[in-house]
Amino acid sequence: IEHNQGQFYKFLLPYRHAVLDLMGHQLGPNQLIGDGMNEDHLLEECLQLKGTRAAAVIYHIRSWVAYVFGNYDLASKMMEERQVITLMSSPPFLSCSFLFVEGLISFQMAQQTGQAKWKALAYKSIEGMKEYALHAPSNCHHKLLLLQAESASLAGDCDDAVRSFDDSISSASEHGFIQDQALAYERAGIFYAKQGNTDTAAHYYNQAHCKYSMWGAKRKADCCLRKHDQS
């Protein structure tokens, strides 16, 4: 590694691992041993060296990848591990990412379990995201809309959920967040499938497949294609 950047390179490896998972260049999503790295060893090193932010980022990336691939139990476990770590401060982009991903996980777990703790965390994420959307609407408004769509879905307000999913898709497209646009399409597809509206679900899954493919996430795109075929 040039310019003595070995440590920085090492702590970028979890991001590389996540990218390879999404592209399909690993053994499979949620594998801890990736191409040229062992996340468990890296995590242990971070904790021993009191690298709390690096450890938090590893847990965060794990929770995000698990959520994206539908492993919600693992996602919630990694989220809780991340939240145990006390951070004195974090860059706003990282704090926003924590809030967004953990809000989505919380809404999913609230749907699955009905537990009050998940609902509280989910609703708290919306309040926090409102602040980010107020100060950085181009980066965060579509995230807020997606969280609000999941909230409406949880509450059984189908009309509001439909509007918020579509608004999130449009906002993400307008500001160039193709990965979040793909996710919003997919979550809308899941919503419609639960409503028994298989034709509309298939349309949204197909759009999610297209956007994930454009982003380069082949493995994830293939997952959406399978959902489309099953609709």
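Start by selecting Ser164, which lies in helix H8. Helices here are DSSP runs of type H or I with at least four residues, strands are E runs of at least two, and both are numbered from the N terminus. Is Ser164 buried or exposed? Ser164 is buried, with a relative accessible area of 6%. The cut-offs are these: buried means under 20% relative accessible area, exposed means over 50%, and partly exposed is in between, using a 1.4 Å probe and protein chains only. Now show what Ser164 touches: leaving out residues up to four places away in sequence, you'll find Leu145, Gln148 and Ala149. Touching, or contact, means heavy atoms within 4.5 Å.

A quick word on what you're looking at: this is a predicted model, where local features need pLDDT of at least 70, side-chain atom pairs count only at pLDDT 80 or more, and totals for chains, interfaces and linings use all residues. Residues are numbered from 1 along each chain as its sequence is written, and side-chain values use heavy atoms, with hydrogens and water left out.

**Zoom out**

Colour the protein by secondary structure and you'll get eleven helices and two strands. Following the sequence, the pattern reads α-β-β-α-α-α-α-α-α-α-α-α-α. Of the 231 residues, 45% are buried. Among contacts with a separation of 6 or more, 58% are between residues 24 or more positions apart. Switch on the surface: the protein exposes about 11600 Å², and carbon and sulfur atoms supply 53% of that. The area comes from the Shrake-Rupley method with a 1.4 Å probe, and for residues, only the protein chains shown count as cover.

**Rings**

Stay with helix H8 and select Phe165, then add Phe191. They form a tilted aromatic pair, 5.6 Å centre to centre with 45 degrees between the planes. Phe165 lies in helix H8 (residues 158–174) and Phe191 in helix H9 (residues 178–194), so the pair ties together parts that are 26 residues apart in sequence. Both Phe165 and Phe191 are buried. For the rule: rings of Phe, Tyr and Trp (its six-membered ring) pair if their centres lie within 6.5 Å, with planes under 30 degrees apart called stacked, over 60 edge-to-face, and the rest tilted.

How many aromatic pairs does the structure hold? There are six. Add Tyr185, Tyr192 and Tyr204 to your selection, and together with Phe165 and Phe191 you have one aromatic cluster.

Next, pick Lys143 and Phe100: the charged end of Lys143 sits over the ring of Phe100, 5.6 Å from its centre. Lys220 does this with Phe69, its charged end 5.9 Å from the ring centre. A charge sits over a ring if NZ of Lys or CZ of Arg is within 6 Å of the ring centre and within 35 degrees of the ring normal.

**Empty space**

Rolling a probe the size of a water molecule over the atoms shows where empty space is left. The search uses a 1 Å grid over the protein atoms alone: a cavity is a set of points where a 1.4 Å probe fits but cannot get out, a pocket is an open set with protein on both sides within 12 Å along at least five of seven lines, and lining residues have an atom within 4 Å of a point. Grid points are joined across faces, edges and corners, and a volume is the space filled by probe spheres set on the points.

The whole structure has two cavities of 30 Å³ or more. The largest cavity holds about 60 Å³. Its lining includes Phe165 and Phe191, which you've already met, along with Gln108, Glu150 and Lys194. Which helix gives the most to this lining? H9 does, with four residues.

Now for the largest pocket, at about 740 Å³. Select His60, Trp64, Ser97, Lys143 and Gln179, which lie nearest its centre among the 28 lining residues. H5 gives the most to this lining, with eight residues.

**Last stops**

Select Ala110 in helix H5. At 2% relative accessibility, Ala110 counts as buried. Ala110 touches Trp118, Lys119 and Leu154, not counting residues up to four places away. Leu154 is 44 residues from Ala110 in sequence, and their C-alpha atoms are 7.8 Å apart.

Finish at Gln195, in the loop between H9 and H10. Gln195 is partly exposed, with a relative accessible area of 45%.
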